[in-house]
Amino acid sequence: MIWRKNMALTMEYRLSDVEAKNVPFTVIIDESSMLTEEMFGALLQALRKRAQRIIFVGDPNQLPPIGAGRPFVDLVRKLNQGINQFPKVGPGFGQLTVTMRQLSDDGNPRGDTELSKWYTGDSEQLDDSIFIRLQSGSLDKHVSFKSWSTPEELEQRIFETVYEETEMNSVDDIEGFNLSIGGHINSGWMNFAGADEYIKKIESWQILSAYRNDAAIGTATINRYLHEKYRSQQAQKLEHCSIRGTRHMLGTDGIVYGDKVINVRNQKIKGYDIKSRTKVDGYVANGEVGIVERIWEKSKNSNVKYNTHQIVFSSQPEMNYNWYSVVSDEGTSDLELAYALTVHKAQGSEFGKAILVLGEPGGLLSKELLYTAITRQKDKLVILYNDGAYRLRDYCRCTIHIGQRKKKGLRDTA
């Protein structure tokens, strides 16, 4: 399988006649719902004559891939034809029914798990009073629902929710905000990353939205006002510590020391192995989330040649990577703020708590998007919506494919 980047930072796949080497007898493909037709074809071509068994693992209820086709869904539909029992098990096909991410303490079904079933294709008998209980706040401790009506009210709701779902002392607690994403105080300074316990906190909570550029509920908007409230380019003196300033920001988002960021391009990059203390050839995938743990400033008396932001990603806690600290008017930075992510970007990830921002009119809302969004959390889901909870029932019947988006004039903003 060969892939190459074009000037638009997209990937294209082409078939190769080179015989694959070192292919095992059994190959397991995880997150198969993200495969496009091109990726699927290139994958099978690469494994031909070598792999004797290929196991595709994925969730057909999730969002379709960004690209042509949804081969995993087609494969699932083909293999489970004629299987009438639930769960569905047949030749070459098995349906997993045990939910592992949303585990309850007492073994009973959780409210977020029951809600997610409304956005699947399974033919279970469902009780639609769940939406009334969601609205009233009586579903269970794993789900809460909050209403908003104006963009200003939504902004305040987000500040309040982050405060309530973390150990912050108030909505203005900058120190607590830093601690909630993996900061830790050492010798009077706020530091980031380091031990695994701090790196894991990078994904302890996450804001999600269907949109990136929507003026009211887009992730760009939400990231901006969170950044303005809790981040400063200047050094800060807080109650129990100080936070280092950042003279040279990164990217059009103005990324500074301690910011939570996401890499938006698959790329090979030089990295530093923390354990072996050696420089290595690393790889950072599109969608990996991390934190700016250090700022390197060049000076006349050091070997540092450039101003750089040093990033540690939660998926690679043993590595760190450097990005040049520059701001480009072209907006082509590989790193963006990640306090809020689109549901597309969050697909395949899991977080401690998910704060889902929804709004009407919901041009991009579909049962696949809602299913993906409300299955990202391990502990709790908070829904912020400018309509009644029962309106979410309408999307149980709504499926919007990539082609339909184009016909409707809808833009994919992942």
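Let me begin with a term: a residue is called buried when its relative accessible area is under 20%. With that in hand, look at strand S16, residues 289-296, where six of the eight residues are buried, making the strand mostly covered.

Before I go on, please keep in mind that this is a predicted model. The mean pLDDT of the protein is 86, and 88% of its residues reach 70 or more.

Back to S16, then, and its two partners. On one hand there is strand S13, residues 260-263, which pairs with S16 in the antiparallel sense through three bridges. If you want a residue pair to click on, Ile-262 has Val-289 of S16 as its bridge partner. On the other hand there is strand S17, residues 308-313, which runs antiparallel to S16 and is joined to it by six bridges. Here you can pick Val-292, which stands opposite Ile-311 in S17.

Now let's zoom out to the sheet. It is an open sheet of seven strands with antiparallel pairing, and the order reads S15-S14-S18-S17-S16-S13-S19. Which strands stand at the edges? They are S15, residues 278-284, and S19, residues 335-337; each has a single partner strand, so one side of each is left without a neighbour in the sheet. On average, and ignoring direction, neighbouring strands here are turned by 45° against each other.

One more pairing from this sheet: strand S14, residues 267-273, and strand S18, residues 316-324, run antiparallel and are joined by three bridges. Tyr-272 is the residue to find there, standing opposite Asn-320 in S18.

Let's move on to the helices. Helix H1 covers residues 37-47, and its buried residues are Phe-40, Ala-42, Leu-43, Gln-45, Ala-46 and Leu-47. Just after H1, you'll see Lys-49 with a positive phi of about 65°.

Next comes helix H3, residues 111-116, which holds Asp-112. Is this aspartate buried or exposed? Asp-112 has 1% relative accessibility, and because the cut-off for buried is under 20%, it counts as buried. What does its side chain meet? There is a polar contact of 2.9 Å between the side chains of Asp-112 and Gln-377. Leaving out residues up to four places away in sequence, Asp-112 touches Gln-102, His-142, Val-143, Ile-374 and Gln-377.

In helix H4, residues 130-136, I'd like you to find Leu-134. This leucine is buried as well, with a relative accessible area of 2%. Beyond four places in sequence, Leu-134 touches Leu-115, Leu-139, Val-143, Phe-145, Ile-383, Ala-389 and Leu-392. Take Ile-383 from that list: Leu-134 and Ile-383 are 249 residues apart along the chain, yet their C-alpha atoms are separated by 9.4 Å. Val-143, by the way, is touched by Asp-112 and also by Leu-134.

A quick word on cysteines. How many disulfides does a search of the whole structure find? Zero. Cys-241 is buried, with a relative accessible area of 1%, and Cys-396 counts as buried at 14%.

Last, a friendly caution about two stretches. Over residues 1-10 pLDDT stays under 50, and the model has 22 contacts for them beyond four places in sequence. Residues 399-413 also stay under 50, with 29 such contacts in the model. Where pLDDT is low, the predicted coordinates should not be read in detail. Thanks, everyone, and I'm happy to take questions.

Notes. Residues numbered from 1 in each chain as written. Predicted model: local features only at pLDDT ≥ 70, side-chain atom pairs only at ≥ 80, totals over all residues. Heavy atoms only, no water. Pairing = 2+ DSSP bridges. Helix = DSSP H or I, 4+ residues; strand = E, 2+ residues; numbered from the N terminus. Axes fitted to C-alpha atoms, helices over the stretch in contact; angles between N-to-C directions. pLDDT = per-residue confidence, 0-100. Contact = heavy atoms within 4.5 Å. Buried < 20%, exposed > 50% of the residue type's maximum accessible area, 1.4 Å probe, protein only. Polar contact = N/O pair within 3.5 Å; in protein donor to acceptor, adjacent residues only side chain to side chain. Disulfide = S-S within 2.5 Å.
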